[in-house]
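Biologist: Please take one spot in the backbone that a beginner might pass over and look at it closely, then show me how the rest of the chain and its partner strand are arranged around such details. I would like one connected account rather than a list.

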Amino acid sequence: MNETTGVEVVSAIMAPQMPRHQDILARLNKEQAQAVSQGWGPSLIVAGAGSGKTTVLTRRVAFLIKELGQDADSIMAVTFTNKAAKEMKTRIETIIGDRTRFQWIGTFHSMCARLLRKYVEDYKTPEGWQWSKNFVIYDETDSMNVLKAEMKKLGFDDKVFPPKEIRATISALKNDGYTYNLYAAEAVAYRERKIAEIFAVYQKGLATNNAFDFDDLILVFTDLMRRNPAVRASLTRRFQHLMIDEFQDTNKSQYEFVRLLGDVFSSPEEISAGRGRSLAGLTEQEVKDQWHERSLMVVGDVDQSIYSWRKADYRIFLGFQNDFSNCNMIKLEENYRSTSTILDIANSVIRNNTERIDKELRCNRDAGAKATYYEGSDQIDEAFYVVEELKRLKARGRAYNDATILYRTNAQSRAIEEVLIRSGVPYTVVGGTKFYDRAEIKDIIAYLKLTFNPKDGQSFMRVVNQPRRGIGKTSMERLTAYADQRGCSVIEAAVEAQRIGNLSPKTMAALSQFANCVFTRWRPRSVPEQLNEETGQPMGYKDPISGLIQMILDDTGYMDMLAEEAMNSKDELAVGRMENIRELLLVAKEFEDVADTPDLETFLTRISLVSDLDNEKLEKEDNLKLMTLHSAKGLEFPVVFLMGLEEGILPHMRSLESDTAMEEERRLMYVGVTRAEDLLYITRARKRSFINRQADGSSGFSAQMLPASRFLSEITPGLLSGFFPGASGGAGGGNTRGGGYDDENQEHWGGGGSGFAKKPSREGYIDDDSSSSRSGGGYYDGGGSDKYGDNSGGGNRTGGGYGNSNGGRSGYGGGNQYGGGQRTGSGSGGYGGGQRTGSGAGGGAKPAASGAGGGASRQVYRNGQRVEGLTTGQRKEPPRTFANQHTPGQFKPSMYDNTGRPGAPAEPEFERMVVGDVVQHAKFGVGKVEQVIGEGNKELYAITFGEPGKKILDPKFAKLIKLSPEA
DNA sequence: TGAGTCCCGATTTTT
DNA sequence: TCGGGACTCA
């Protein structure tokens, strides 16, 4: 610690000429430098979009450590996402250097999970329910199952109390800071009392499984701190500096955590309960002294509060100054990110919100280009426009990495992905399909969870018959009934399966064998390597996770099961599943290499809290990122495409009725716009396919005309290039436009009645590139030379689906949706006046699938010849479709689907076999290769062994040793 | 236990 | 429309 007092240090550091601070304070403006270099005490940083918030936070940490002599382990920084945490951690460690690790950074959830691991055994509910250190974290499915089971036991009618709704209610309560007993104390109405009852049994159910749900991590930990003043005291002593990012999206439960940990004074409740430290009656100096060498910094922007549905409440942010009377407020109002045009757009929209902190974003850049608006005839048209524009930008030297596509709902990605795949643009869906949601991955994780925490009944039930062990539903019911009656966990019941009546001997044996396997084989294998304190000898395993997974795979024959399925083509996705498991093994290995504490506990916690597999190799590649507006928070991109600007999409349908909800939608729009640095595109579709429910209960697809989003009309005229609807809004086709024209595009679009508009001239587009590089290319790819529809496996399905919904799109003429009639004058509507050649060819219901369709003269396929070079770095063959979906055939490509990942981990090597080879297998003994299935790196071998008979093995897994081939 | 059938829900956003 | 879960029957 410093010899000097805090006050002196503060005044010293305020002098910017001190050379030793130069690197930390370099290139900061006055407010930023103030925020970074302020002294002790609470502070509120109002940080507008792009105002260098992350810089301030990272440098503040560095400043605390390097200049104020604080210990890195005395600082905790809370971010909103794991991704942000990771990024910030790297940046901080780079600045502080010295190989000092900055450990305590993460989301509220991960921080609390970590603390719970340490202190949970000090926690006991009034009923005596307890958890132990090796608790697991339940995802929505698991906790839903617990809830359902508990409700069933109490005989609740799930028509009256739909579990889904109850779960949502409980989650909301937890986020609002209600423990089950706190809520029970307040519940008055009948339904409230019933919910309180369910809440309690649900919580008890979680305890039985030694599990927490997401919300518990924070709620229980705050409850723990409240119930154990000693724990709280030791933690507040340890964490002297607390920083919270995205504070506007903090909910009550999280705020409680902040106050319990970060406030040196007690809450009013504590004081009225007769304990704690009050600040009443203290002089200003005395208050300051209390904060000596302590700080609490919250950073946020009310205009970016978009998580109220998760019970985030920006009023907590607004009220922060009241709660901390000696709070220092600093406003960061200088935007370094975006052009002034982009900022003006953002400001003109957000101005329509009522509840805000007054804040003026000053721009630091030039005007830049106008934002571009495009109105597609439908979502496919919209998507084609975006992709075409992307390629144009790419041709001019922008990387795909520079761009992002943002949308309101995940479902919107589908149309875009179809077009991206067709066009061969490499992309990644951020947060879309989740790696850890895949069935096979969940299975393996369940095995790991069960090994780690044998009490985990959900995991037990998930894998007990996977692969088949002859344990069916009835047996499971009897087992759980027995466990309930004995008050023990399911696995404990399984160990003594012989004692359970009415189970067949076979089932009993299978159960106890399985349970014993968990205890005697897997659990011991999960001990990480460490030195024995007495003997000094290393013990445990170097690879506690990957080794364990391998053992589980071997013991259970999980891979063999998949291999067999692949063979029988029972499950055409089985090969993909095997690849996914291999991927998981690599994730585990990598984790063992890099993690600070490479044990099962850390691995499982991380996996439970990270939804997507973050692949750094992938990040380095040039691929386009697709994400929802929510995921985009905190990120920035040179080029942003904001899609789906329609009433019902953005703002979302569910928000149309409420003013508060509408303001949140507007903030979403604001967040989207302010992600952009240089170029902003805003698009919408006049017609969108929906699934809607009829009055008679039936439902079906239907195309709906949606009016333009009100946010469009809130944008100051003149900032958008292209046509945009005026205040009256265009409800439907191009013939109902209500707005103005951009001065650079005097040309009228829209042919009128048909509802299809002629698109604006290329000239003067965005950056005055009058020599458009598009030599009159028809806008759409005819699909003729595209192999898309010929894709194997899932591809067929996709191809079919594509053709069905867009029959006419690919062929123009005779398609079922865009039949000639609608798309009139097919040759005249081309972008930039180009010809839409080949318009009449093809058509039919499935042009894409059949590979037919007119060969439109899109650039890359000019004259049917692929022009290479325009699509640098892009895959040449059609996208391989990984059969990795949990749901067969469902079209939901993800980063794993859109492969051609040059960065994909190298396939494990194996010795190639041919039919007739004699091999040795660790378990099955000697066998003979009967058949080779698949090819290349996906080869599987059908091998006949003596007693085990014929087995399908994956050579990458089964350690096969080739003996001499038989003559 | 496994195969077949029927019905329901799906589309808001995420740790 | 389509997939998954609940339910039924062999």
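Modeller: E293 counts as buried because its relative accessible area is 10%, and buried here means under 20%; please keep in mind throughout that this is a predicted model. E293 sits in the loop between α15 and β7 (295–300), and its phi is positive, at about 55°, although the residue is not a glycine. Most residues other than glycine have a negative phi, and most peptide bonds are trans.

A useful partner for this residue is R27, which also is not a glycine and has a positive phi, near 60°. R27 belongs to the loop between α2 (22–25) and α3 (30–37), but it counts as exposed because its relative accessibility is 75%, and the exposed class begins over 50%. The peptide bond from L650 to P651 deserves a look as well, since it is cis, with omega near 5°; P651 is part of the loop between β17 (637–642) and α32 (659–674).

On the other side of α15 (284–290) there is another loop, which joins that helix to α14 (268–272) and holds R277. R277 is neither buried nor exposed but partly exposed, because its relative accessible area is 42%. Once its neighbours within four places in sequence are set aside, R277 is in contact with V264, F265, S266, I271 and Q290. To give a sense of scale, R277 and R422 are 145 residues apart in sequence, and their C-alpha atoms are 65 Å apart in space.

Stepping back to the whole of chain A, you will find 36 helices and 25 strands, and 57% of its 967 residues count as buried. Among the contacts in chain A with a separation of 6 or more, 72% join residues 24 or more positions apart. Helix α18 (residues 340–350) illustrates the burial well, with 10 of its 11 residues buried, including I342, L343, V349 and I350.

In soluble globular proteins, nonpolar side chains tend to be buried together. The largest nonpolar core of this model has 130 residues, of which M76, F221 and F460 touch the most other members. With its neighbours within four places left aside, F460 is in contact with L450, M476, L479, V490, I491, A494, L511 and F514. Apart from that core lies another one, of 39 residues, and among them are I350, F637, L642 and L650; the last of these, L650, is also the residue from which the cis bond runs to P651.

Finally, there is the partner strand. Around DNA strand B there are 27 residues, and K164, R408, G470, G472 and R654 come nearest. Sorted by class, the surface near this strand has 6 nonpolar, 13 polar and 8 charged residues. On the DNA side, 56% of the atoms within 4 Å of the protein belong to sugar or phosphate, and the rest belong to bases. Two side chains have an N or O atom facing a phosphate oxygen of the strand, that of K164 at 2.5 Å and that of T628 at 2.9 Å, whereas a polar side-chain atom of H652 lies 3.4 Å from a sugar or linking oxygen. The elements that give two or more residues to this surface are α23 (473–486), α31 (629–632) and β18 (676–693).

Definitions and conventions:
Residues are numbered from 1 along each chain as its sequence is written. Chains are lettered from A and ligands numbered from 1 in the order in which they are written. This is a predicted model: local features need pLDDT of at least 70, side-chain atom pairs count only at pLDDT 80 or more; totals for chains, interfaces and linings use all residues. Side-chain values use heavy atoms; hydrogens and water are left out. A residue is near a molecule or strand if one of its heavy atoms lies within 4 Å of it. A polar contact is a pair of N or O atoms within 3.5 Å; within protein, one must be able to donate a hydrogen and the other to accept it, and residues adjacent in sequence count only if both atoms are side-chain atoms. Helices (H or I, at least four residues) and strands (E, at least two) are DSSP runs, numbered from the N terminus. Ala, Val, Leu, Ile, Met, Phe, Trp, Tyr, Cys and Pro count as nonpolar, Asp, Glu, Lys and Arg as charged, and the others, Gly among them, as polar. Buried means under 20% relative accessible area, exposed over 50%, partly exposed in between (1.4 Å probe, protein chains only). Contact means heavy atoms within 4.5 Å. A nonpolar core is a set of buried Ala, Val, Leu, Ile, Met, Phe, Trp, Tyr and Cys residues joined through side-chain atoms within 4.5 Å.
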